[in-house]
Amino acid sequence: MSLSLSWSVVRVNTKFEFKIARSAFSHYNRLILELTDGQYLAYGEAAPNIRYEGDTKEIVAMLDEKKPQILELPVDDAETRQLALEKMFPDSFSLQAAIDTVFWDLYAKRDETPLWRHFGASKDLAISSYTIGISDLDAIPAKIVEAAPYPILKIKLGTDYDHEIMRTIRKETDKVLRVDVNEGWKSIDDAKRGTEWLIEENVEFLEQPMPALQLDDIAKLREFSPIPIVADEDSVRPEDLKNLVGAYDGINIKLMKCGGLTNALKMIELSQKYEFDIMMGCMLETSIGISALAQLGSFARWLDLDGNVLIADDPYLGVGNIGGKIILNDKPGIGVEPR
Ligand SMILES: [Mg+2]
């Protein structure tokens with residue numbers, strides 16, 4: 001039976017304003033894809049990030065233009081499909097991810113198998129962190145209260161008051177912390193000062209402390225730092241990984257950067273080759289995007305799949321999140337349905 005594809009743009013609101021070193025938002029537009037063969041209905045999501053690409057309007061224009069070609073993509077040959085997607089949409093990784101996801105979801109639904117099982121993954125996932133974005137100091141205690149169910153917190157730094165943020169958080173909690181600087185420390189001296197200060201703060205890892213491509217500086221920082229250093233903005237696509245050897249201990253895989261599950265699988269394979277610890281992260285995504293990457297979650301040492309729980313009005317239901325424990329279900333595909 002022939003396939004039909006439709007899409008909609010949904011606005012989701014965050015529980016708190018979500019602020020990091022370079023941006024601040026309280027709502028986001030997400031593109032939701034639906035693909036059906038008349039029997040099964042599959043879902044995919046694009047959560048474009050301004051660091052990497054344009055917005056949902058641009059994505060919709062690309063979809064309008066390429067819809068006939070998308071419908072000709074193979075359901076059961078992910079490699080061929082991914083190559084075609086990279087040619088069709090070379091600059092929109094989140095659109096590649098949405099299409100890759102919707103095809104994988106359909107594939108596994110036809111097979112009546114959860115994708116995690118198809119990929120040889122398991123339901124045993126590491127505890128995910130819960131992100132505390134940048135805010136005024138007096139707003140931090142309420143955020144720590146909101147985060148009470150979550151044993152691991154990810155703290156966004158990269159401001160000119162990082163020490164005050166950490167001091168305020170440490171007054172409220174002694175939980176394990178992960179620190180994400182989002183490229184905020186611009187020089188090796190800043191980065192060394194920032195890191196030195198965190199050594200005694202029970203920090204599990206330090207994510208993208210310096211601007212992407214400053215790999216010589218990162219390598220120096222890695223020698224200096226007892227805290228593992230994880231690439232995020234430096235670890236976008238599978239082909240980036242070989243350049244990061246020696247500079248980073250781990251890499252952060254996100255669907256919306258790498259272009260979908262097919263490329264995420266490639267990055268997992270390459271991480272084994274280059275001996276990187278694997279982190280899996282997300283943008284502010286609905287349960288479609290989060291549930292999709294969670295299918296591969298058991299391959300990661302560190303999970304940061306909290307996008308859906310940071311949204312106040314997620315229109316979808318998929319994986320559960322109980323105190324950071326991501327609960328995969330046994331439904332076919334990515335296991336998502338409308339709320
Ligand atoms: Mg990050």
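**Exercise 1. Find the residue in strand 3 that is the bridge partner of L33.**

Solution. Keep in mind that you are looking at a predicted model.
- Step 1: Start with the two strands. Strand 2 covers residues 23-36 and is joined to strand 3 by 6 bridges, with the two running antiparallel.
- Step 2: Now go to L33 and look across to strand 3: its bridge partner there is G44.
- Step 3: Zoom out to the sheet. This open sheet has 3 strands in the order 1-2-3, and the pairing is antiparallel.
- Step 4: Check the edges. Strand 1 (4-20) and strand 3 (41-46) each have a single partner strand, so one side of each is left without a neighbour in the sheet.
- Step 5: Going from one strand to the next, the twist averages 25 degrees.
- Step 6: Add the helix. Helix 1 (residues 56-71) packs on this sheet and touches strand 1, strand 2 and strand 3. The direction of helix 1 makes about 150 degrees with that of strand 1.

**Exercise 2. Work out the strand order of the open sheet of 8 strands, then look at some of its pairs.**

Solution.
- Step 1: Read the order off the sheet: 4-5-6-7-8-9-10-11, with parallel pairing.
- Step 2: Pick out the edges. Strand 4 (130-132) and strand 11 (302-303) are the edge strands, and each pairs on one side only.
- Step 3: Try strand 5 (residues 152-156), which runs parallel to strand 6 and is joined to it by 5 bridges. Within this pair, I155 has V179 of strand 6 as its bridge partner.
- Step 4: Move along to strand 7 (residues 203-207), which pairs with strand 8 in the parallel sense over 2 bridges. Here L206 stands opposite I229 in strand 8.
- Step 5: Ask how covered strand 6 is: 4 of its 5 residues are buried, so call it mostly covered.

**Exercise 3. Which residues are the protein donors of the magnesium ion, and where do D180 and D232 sit in the chain?**

Solution.
- Step 1: Look around the ion. The protein donors are D180 (OD), E207 (OE) and D232 (OD), at 2.1 to 2.3 Å from it.
- Step 2: Write their spacing along the sequence: D-x26-E-x24-D.
- Step 3: Place two of them. D180 lies in strand 6 (residues 176-180), while D232 is in the loop between strand 8 (229-231) and strand 9 (250-253), so this pair ties together parts that are 52 residues apart in sequence.
- Step 4: Decide whether they are buried or exposed, using under 20% relative accessible area as the cut-off for buried. D180 comes out at 0%, so it is buried. D232, at 1%, counts as buried too.

**Exercise 4. Explore the largest nonpolar core and how it relates to the domains.**

Solution.
- Step 1: Split the chain into domain 1 (4-112) and domain 2 (117-338).
- Step 2: Find the hubs. The largest nonpolar core has 85 residues, and L153, I155, L198, Y248, I253 and M280 touch the most other members.
- Step 3: See who contributes. Helix 11 (residues 287-294) gives the most to this core, with 5 residues, and each domain supplies at least three.
- Step 4: Zoom in on M280. Leaving out residues up to four places away in sequence, its contacts include N252, I253, F299 and W302.
- Step 5: Don't miss the second, separate core of 22 residues, with L5, A46, I70 and L95 among them.
- Step 6: Finish with the domains. Their C-alpha centres lie 22 Å apart, and 43 residues of domain 1 are in contact with 47 residues of domain 2.

Notes. Residues numbered from 1 in each chain as written. Predicted model: local features only at pLDDT ≥ 70, side-chain atom pairs only at ≥ 80, totals over all residues. Heavy atoms only, no water. Donors = N, O, S within 2.8 Å, 3.2 Å for Na, K, Ca; no water. Buried < 20%, exposed > 50% of the residue type's maximum accessible area, 1.4 Å probe, protein only. Pairing = 2+ DSSP bridges. Core = buried A, V, L, I, M, F, W, Y, C linked by side-chain atoms within 4.5 Å. Domains from an automatic or database assignment. Contact = heavy atoms within 4.5 Å. Axes fitted to C-alpha atoms, helices over the stretch in contact; angles between N-to-C directions.
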